[in-house]
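User: I am new to this structure. Please show me how to read its features, one at a time.

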Amino acid sequence: MNFINRKKVKTRKPHYCTGCMDIIPSGSMVIRDTLVDGEIYSVYFCDICEKVLEEYGNDIEEFSEGDLRETTVYEYWYKKRRAEKSERPANTEQRHGAIKKAP
Ligand SMILES: [Zn+2]
């Protein structure tokens with residue numbers, strides 16, 4: 001398997017995130033990696049897994065589908081996103097407060 005290209009794209013249809021196997025809805029801005037393994041194909045990463053890839057960078061050479069869900073960085077961003085979604089505060093200061101209070 002060889003890496004060809006990484007690009008930020010807007011999805012036109014739903015995809016599975018290769019990192020955590022969550023569904024990425026259509027119309028999301030996500031990372032798309034183009035790879036070649038006999039034939040050329042693309043994989044997609046949700047915003048959380050994008051953060052994980054940023055954090056670990058080249059430490060992750062190869063991983064199986066869903067593996068990024070096991071990382072501590074994924075856990076952190078997943079909790080953070082859930083806190084933001086459940087609270088929806090009006091301004092940034094309140095939002096930081098909400099994250100601290102979240103379990
Ligand atoms: Zn993901």
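Analyst: We will go from the overall layout to the strands, then to the helix and the core. Keep in mind that this is a predicted model.

User: How many helices and strands are there, and in what order do they run?

Analyst: The protein has 3 helices and 5 strands. From the N terminus on, the order is β-β-β-β-β-α-α-α.

User: What share of the residues is buried?

Analyst: Of the 103 residues, 17% count as buried. Contacts add another view. Among contacts with a separation of 6 or more, 44% join residues 24 or more positions apart.

User: Now the strands. Which strands pair with β4, and in what sense?

Analyst: Look for bridges between strands. β4 spans residues 29-37 and β5 spans residues 39-45; they pair in the antiparallel sense over 7 bridges. Strand β1, residues 2-10, also pairs with β4 in the antiparallel sense, over 8 bridges.

User: Which residues are bridge partners across β4 and β5?

Analyst: T34 has S42 in β5 as its bridge partner. R32 stands opposite Y44 in β5. On the β1 side, the partner of N5 in β4 is T34. Likewise, V9 has V30 in β4 as its bridge partner.

User: Where do side chains point along a strand?

Analyst: In a regular strand, side chains alternate between the two faces of the sheet.

User: Is β1 buried or in the open?

Analyst: Count its buried residues. Of the 9 residues of β1, the number buried is 0, so β1 lies largely in the open.

User: What joins β4 to β5?

Analyst: The two strands form a hairpin with 1 residue between them. G38 sits in that turn and has a positive phi of about 85 degrees.

User: Where else is phi positive?

Analyst: G57 follows α1, and its phi is positive, near 50 degrees. M21 is a residue other than glycine, yet its phi is also positive, near 70 degrees.

User: Where does M21 lie, and is M21 buried or partly exposed?

Analyst: M21 lies in the loop between β2 (15-16) and β3 (23-24). M21 has 14 other C-beta atoms within 10 Å, so it is partly exposed. The cut-off for buried is 20 or more.

User: Which residues of α1 are buried, and what do they pack against?

Analyst: Helix α1 covers residues 47-56, and I48, C49, K51, V52 and L53 are buried there. The buried residues of α1 pack against β5 and α2 (72-87).

User: Why look for a nonpolar core?

Analyst: In soluble globular proteins, nonpolar side chains tend to be buried together. Here the largest nonpolar core has 12 residues in all, including C17, I31, F45, C46 and L68. α1 gives the most to this core, with 4 residues.

User: What is L68 in contact with, beyond its neighbours within four places in sequence?

Analyst: Leaving those neighbours aside, L68 is in contact with G19, C20, C49, V52, F63 and Y74. Of these residues, C20, C49, V52 and Y74 belong to the largest nonpolar core, as does L68.

Conventions. Residues are numbered from 1 along each chain as its sequence is written. This is a predicted model: local features need pLDDT of at least 70, side-chain atom pairs count only at pLDDT 80 or more; totals for chains, interfaces and linings use all residues. Two strands pair if DSSP finds at least two bridges between them. Two residues are in contact if their C-beta atoms, placed from the backbone, lie within 7 Å. A nonpolar core is a set of buried Ala, Val, Leu, Ile, Met, Phe, Trp, Tyr and Cys residues joined through C-beta atoms within 7 Å.
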